[in-house]
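Dear colleague,

Please find below the structure that I am handing over to you. My notes on what was found in it follow directly after.

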Amino acid sequence: MPKIRSRHIVARITNDSGSPVVFVLEPWGEVYEMPVSATFDVVSEETPDGTAEVRVGDNRFTVYGWPGASLEVVPESGRLRTIPDAAAEAKFLKRPVTRRKTPRLATARSAKARA
């Protein structure tokens, strides 16, 4: 007889913002579409030995797991769509793709130029 695994909800997130948002599960880097009024449960198959941290930003919910956590996102609707990259995320949110500038590393030549 297979062992029945218990599931523990460590966070329940509902998108009440009135517009679609991006849902991110860290540190795994999993990115999902979260439509208006959607509810996602973040579950653990073990008894949680840590606490999930939830951060809310512009068009984004991010849930951070703790060291040793094994978490899964379970949508109330049963449908979960991943977002593969920044371009797909921008299309989902209907906004232009913005690229973050990577800071230049200082070199001996650039340090002399500033002096």
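**Findings**

Residue E33 is a convenient place to begin, and it lies in strand β3, which covers residues 30-34. Please bear in mind throughout that this is a predicted model. With a relative accessible area of 16%, E33 falls under the 20% limit and is therefore buried. Leaving aside residues up to four places away in sequence, E33 touches V21, F40, R81, I83 and F92. Several of these names return below.

**The overall fold**

The protein has 115 residues, of which 30% count as buried. It contains two helices and seven strands. Along the sequence these elements follow the pattern β-β-β-β-β-β-β-α-α. Of the contacts between residues at least 6 apart in sequence, 66% join residues at least 24 apart. The accessible surface amounts to about 8,600 Å², and carbon and sulfur atoms account for 51% of that surface.

**V21 and its contacts**

One of the residues that E33 touches is V21, which is found in strand β2, residues 21-26. Is V21 buried or exposed? Its relative accessibility is 4%, so V21 counts as buried. When residues up to four places away in sequence are not counted, V21 touches N15, Y32, E33, M34, N59, R60, F61, F92 and L93. F92 thus appears among the contacts of V21 and also among those of E33. A further relation concerns A38: V21 and A38 are 17 residues apart in sequence, and their C-alpha atoms are 9.8 Å apart in space.

**The aromatic pair**

How many aromatic pairs does a search of the whole structure find? The search finds one. It is formed by F23 and F40, whose ring centres are 5.1 Å apart and whose planes stand at 70°, so the pair is edge-to-face. Because F23 lies in strand β2 and F40 in strand β4 (residues 39-44), the pair ties together parts that are 17 residues apart in sequence. Both F23 and F40 are buried. F40 is also one of the residues that E33 touches.

**The second largest pocket**

The second largest pocket has a volume of about 190 Å³. Which residues line the second largest pocket? The lining consists of E33, P35, A38, T39, F40, P75, E76, S77, R79, L80 and R81. By class, five of the lining residues are nonpolar, two are polar and four are charged. E33, F40 and R81 are thus among the lining residues, and F40 and R81 are also among the contacts of E33. A38, whose distance from V21 was given above, belongs to the lining as well.

**Backbone features in the loops**

The loop between β2 and β3 holds two residues that I would point out. P27 is found in this loop, and a cis peptide bond joins E26 and P27, with omega at about 10°. G29 is found in the loop between β2 and β3 as well. At 42% relative accessibility, G29 counts as partly exposed. G29 and T62 are 33 residues apart in sequence, yet their C-alpha atoms are 9.8 Å apart in space.

Two residues other than glycine have a positive phi and are described here. For S37, phi is near 70°. S37 has its place in the loop between β3 and β4, and because its relative accessibility of 54% is over 50%, S37 counts as exposed. For N59, which is not a glycine either, phi is about 60°. N59 lies in the loop between β5 (53-57) and β6 (60-64), and it is partly exposed, with a relative accessible area of 29%. N59 is also one of the residues that V21 touches.

The last residue to mention is E45, found in the loop between β4 and β5. Its relative accessible area is 31%, so E45 is partly exposed. Where E45 and R7 are concerned, 38 residues separate the two in sequence, while their C-alpha atoms are 4.6 Å apart in space.

**In brief**

E33 in strand β3 is buried and takes part in lining the second largest pocket. The aromatic pair of F23 and F40 is edge-to-face, and both of its residues are buried.

With kind regards

Key: Residues numbered from 1 in each chain as written. Predicted model: local features only at pLDDT ≥ 70, side-chain atom pairs only at ≥ 80, totals over all residues. Heavy atoms only, no water. Helix = DSSP H or I, 4+ residues; strand = E, 2+ residues; numbered from the N terminus. Buried < 20%, exposed > 50% of the residue type's maximum accessible area, 1.4 Å probe, protein only. Contact = heavy atoms within 4.5 Å. Areas by Shrake-Rupley, 256 points an atom, 1.4 Å probe, with all protein chains shown as cover. Phe/Tyr/Trp six-rings, centres within 6.5 Å; stacked < 30°, edge-to-face > 60°. 1 Å grid on protein atoms, 1.4 Å probe; cavity = no way out; pocket = protein on both sides within 12 Å on 5 of 7 lines; lining within 4 Å. Points joined across faces, edges and corners; volume = space filled by probe spheres on them. Nonpolar A, V, L, I, M, F, W, Y, C, P; charged D, E, K, R; others polar.
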